[in-house]
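This briefing covers one protein chain. The points below are grouped by topic and are meant to be read beside the coordinates.

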Amino acid sequence: MSRFQQYRESMIDLGYEFIRSRVFQTAFELDLFERLGDQSKTLLTLAQEMKAHWRSLELFLHALAALGLIEADGGAWRNTKHGKEIFIRGKPFYVGDLVGLHGRSFEDWGRLKEAVLSGKPLERMTRAARG
């Protein structure tokens with residue numbers, strides 16, 4: 001693959017990063033890693049616990065697995081070996097607080113174009129929009 005092709009591919013990949021990040025953030029917002037803990041749970045068990053639509057949850061779980069954030073375990077889902085160490089509250093290397101911060105700033109970053117054009121800081125624009 002030429003350098004140009006590599007560069008082009010990396011730019012296409014960059015465009016998908018926000019999707020991957022949002023999937024990751026949403027898993028924390030739904031307490032999915034906490035719900036799985038050290039055990040495997042079926043789709044229907046998770047859907048019931050989360051009061052989620054099973055089909056939408058199934059698609060979401062597959063997206064998480066494709067990103068390597070959880071694993072399929074037969075007919076169930078579980079945290080990865082390393083995920084148990086960094087996605088569960090109280091663990092020494094927990095990253096959920098930082099991921100949560102990124103998730104809470106998602107709306108602000110979605111207004112970046114407006115901030116660039118207006119010259120107003122993102123924080124001030126967000127407060128004004130909320131009233």
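**Cavity, sheet and core**

The residues lining the largest cavity divide by class into 6 nonpolar, 3 charged and no polar. The model is predicted. The points below start with that cavity, then turn to the sheet, the nonpolar core and a few single residues.

**The cavity**

- The count of cavities of 30 Å³ or more comes to 1.
- The space in the largest cavity is about 30 Å³.
- Its lining consists of A27, F28, D31, L32, F33, E34, F87, R89 and Y94.
- Two elements, α1 (3-29) and α2 (32-36), give two or more residues each to this lining.
- With 3 residues, α2 gives the most to the lining of the largest cavity.
- As general background, empty space left between atoms is shown by rolling a probe the size of a water molecule over them.

**The sheet**

- The open sheet is made of 3 strands in the order β1-β3-β2, with antiparallel pairing.
- β1 (41-42) and β2 are the edge strands, and each of them pairs on one side only.
- Strand β2 (residues 70-73) runs antiparallel to strand β3 (residues 76-79), and 4 bridges join the two.
- Between β2 and β3, A72 stands opposite W77, and E71 stands opposite R78.
- β2 and β3 form a hairpin in which 2 residues lie between the strands. In its turn, G74 has a positive phi of about 65°.
- On the other side of the sheet order, β1 and β3 run antiparallel and are joined by 2 bridges.
- K41 stands opposite W77 in β3, and T42 has A76 in β3 as its bridge partner.
- W77 therefore appears in two of these pairings, opposite A72 and opposite K41.
- In a regular strand, side chains alternate between the two faces of the sheet.

**The nonpolar core**

- The largest nonpolar core has 21 residues, and those that touch the most other members are L32, F33, L46, L57, L61 and L64.
- At least two residues of this core come from each of α1, α2, α3 (43-50) and α4 (54-66).
- Leaving out residues up to four places away in sequence, L46 touches L32, R35, L36, K41, L57, L61 and W77.
- Among these contacts of L46 are K41 and W77, which stand opposite each other in the sheet.
- L32 and F33 are among the core residues that touch the most other members, and both also line the largest cavity.

**Loop residues with positive phi**

- Most residues other than glycine have a negative phi.
- Which loop holds D31? D31 lies between α1 and α2.
- D31 is not a glycine, yet its phi is positive, at about 55°.
- D31 has a relative accessible area of 27%, so it counts as partly exposed. D31 is also one of the residues lining the largest cavity.
- K51 sits in the loop between α3 and α4. Its phi is also positive, near 55°, and K51 is a residue other than glycine.
- Is K51 buried or exposed? K51 counts as exposed because its relative accessibility is 77%.

**Exposure and distances of T45 and V116**

- T45 has its place in helix α3. At a relative accessibility of 31%, T45 is partly exposed.
- T45 and A76 are 31 residues apart along the chain, and their C-alpha atoms are separated by 9.2 Å. A76 is the β3 bridge partner of T42.
- V116 belongs to helix α8 (residues 112-118). The relative accessible area of V116 is 61%, so V116 is exposed.
- V116 and T80 are 36 residues apart in sequence, and their C-alpha atoms are 40 Å apart in space.

Definitions and conventions. Residues numbered from 1 in each chain as written. Predicted model: local features only at pLDDT ≥ 70, side-chain atom pairs only at ≥ 80, totals over all residues. Heavy atoms only, no water. Pairing = 2+ DSSP bridges. 1 Å grid on protein atoms, 1.4 Å probe; cavity = no way out; pocket = protein on both sides within 12 Å on 5 of 7 lines; lining within 4 Å. Points joined across faces, edges and corners; volume = space filled by probe spheres on them. Nonpolar A, V, L, I, M, F, W, Y, C, P; charged D, E, K, R; others polar. Core = buried A, V, L, I, M, F, W, Y, C linked by side-chain atoms within 4.5 Å. Buried < 20%, exposed > 50% of the residue type's maximum accessible area, 1.4 Å probe, protein only. Contact = heavy atoms within 4.5 Å.
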